[in-house]
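Reader: I am new to this structure and would be grateful for a close look at a single part of it. Please choose one helix and explain how it sits among its surroundings.

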Amino acid sequence: MNNYNFNQKTPSEIDGLISARIRNIRKRRKISQKKLSEKSGVSLGSVKRFEQSGEISLISLTKIAISLDLEQELEHLFEDVPFLSIEEIVNERS
């Protein structure tokens, strides 16, 4: 039996959603890409590429999040992930 979820997003789609959210927050706060680059220490080219394609290193994403005062959101990522099986519960205890 095929367990493929047709509603599941691709990695590129998820990256695109994240970059769009960051871009919207940046614009909402009236921060230019150049200013974000300077404030975060991430190159302007990387900021532009991230906003266009969603591609960025984790360390650069973290720097951008910190510069936009979003580090709490990033720190809490994957914090309350529900167990998928009893086996996962047992594995966590060992």
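Author: A nonpolar core, as the term is used here, is a set of buried Ala, Val, Leu, Ile, Met, Phe, Trp, Tyr and Cys residues joined through side-chain atoms within 4.5 Å. A residue is called buried when its relative accessible area is under 20%, and exposed when that value is over 50%. The model discussed here is a predicted one.

With these terms in place, the whole chain may be described before the chosen part. The protein chain contains six helices and zero strands, and its pattern along the sequence reads α-α-α-α-α-α. The C-alpha atoms fill a box of roughly 50 × 30 × 20 Å along the principal axes. A compact globule of 94 residues would have a radius of gyration near 12 Å, whereas this chain has 17 Å. Of its 94 residues, 22% count as buried. The chain exposes about 7500 Å², of which carbon and sulfur atoms supply 53%. Among contacts between residues at least 6 apart in sequence, 43% join residues at least 24 apart.

The part chosen for a close look is helix H4, which spans residues 58–67. Its buried residues are Ser 60, Leu 61, Ile 64, Ala 65 and Ser 67. They lie on the same side of H4, because they cover an arc of only 165° around the axis. A general rule bears on this arrangement: an α-helix has 3.6 residues a turn, so residues three or four places apart point the same way. The face of H4 turned away from the buried side carries the exposed residues Leu 58 and Ile 59.

What, then, does the buried side meet? The buried residues of H4 pack against helix H1 (11–28), helix H2 (33–40), helix H3 (44–53) and helix H5 (71–75).

Some of these residues also belong to the largest nonpolar core, which has twelve residues. Its members are Ile 22, Ile 25, Ile 31, Leu 36, Val 42, Val 47, Phe 50, Leu 61, Ile 64, Ala 65, Leu 68 and Leu 70. H1, H3 and H4 are the elements that give two or more residues to this core, and the largest share, three residues, comes from H4.

The two ends of H4 complete the picture. Ahead of the helix, Ser 57 is placed in the loop between H3 and H4. Ser 57 counts as partly exposed because its relative accessibility is 35%. The side chain of Ser 57 is joined to that of Ser 60 by a polar contact of 3.0 Å, and Ser 60 is among the buried residues of H4. Beyond the other end, the core member Leu 68 is in contact with Ile 22, Arg 26, Arg 29, Ile 31 and Leu 36, leaving aside its neighbours within four places in sequence. Just after H4, Asp 69 takes a positive phi of about 60°.

A residue of H1, one of the helices that H4 packs against, may close the account. Ser 19 is found in helix H1 and counts as buried, because its relative accessibility is 3%. A polar atom of the Ser 19 side chain lies 3.0 Å from the backbone oxygen of Gly 16. Not counting residues up to four places away in sequence, Ser 19 touches Phe 50, Glu 51 and Gly 54; of these, Phe 50 is a member of the largest nonpolar core.

Methods: Residues are numbered from 1 along each chain as its sequence is written. This is a predicted model: local features need pLDDT of at least 70, side-chain atom pairs count only at pLDDT 80 or more; totals for chains, interfaces and linings use all residues. Side-chain values use heavy atoms; hydrogens and water are left out. Buried means under 20% relative accessible area, exposed over 50%, partly exposed in between (1.4 Å probe, protein chains only). Helices (H or I, at least four residues) and strands (E, at least two) are DSSP runs, numbered from the N terminus. The arc is that of the directions from the helix axis to the C-beta atoms. Contact means heavy atoms within 4.5 Å. The radius of gyration is taken over C-alpha atoms; the globule rule is 2.2 Å times the number of residues to the power 0.38. Accessible areas come from the Shrake-Rupley method with a 1.4 Å probe; for residues, only the protein chains shown count as cover. A polar contact is a pair of N or O atoms within 3.5 Å; within protein, one must be able to donate a hydrogen and the other to accept it, and residues adjacent in sequence count only if both atoms are side-chain atoms.
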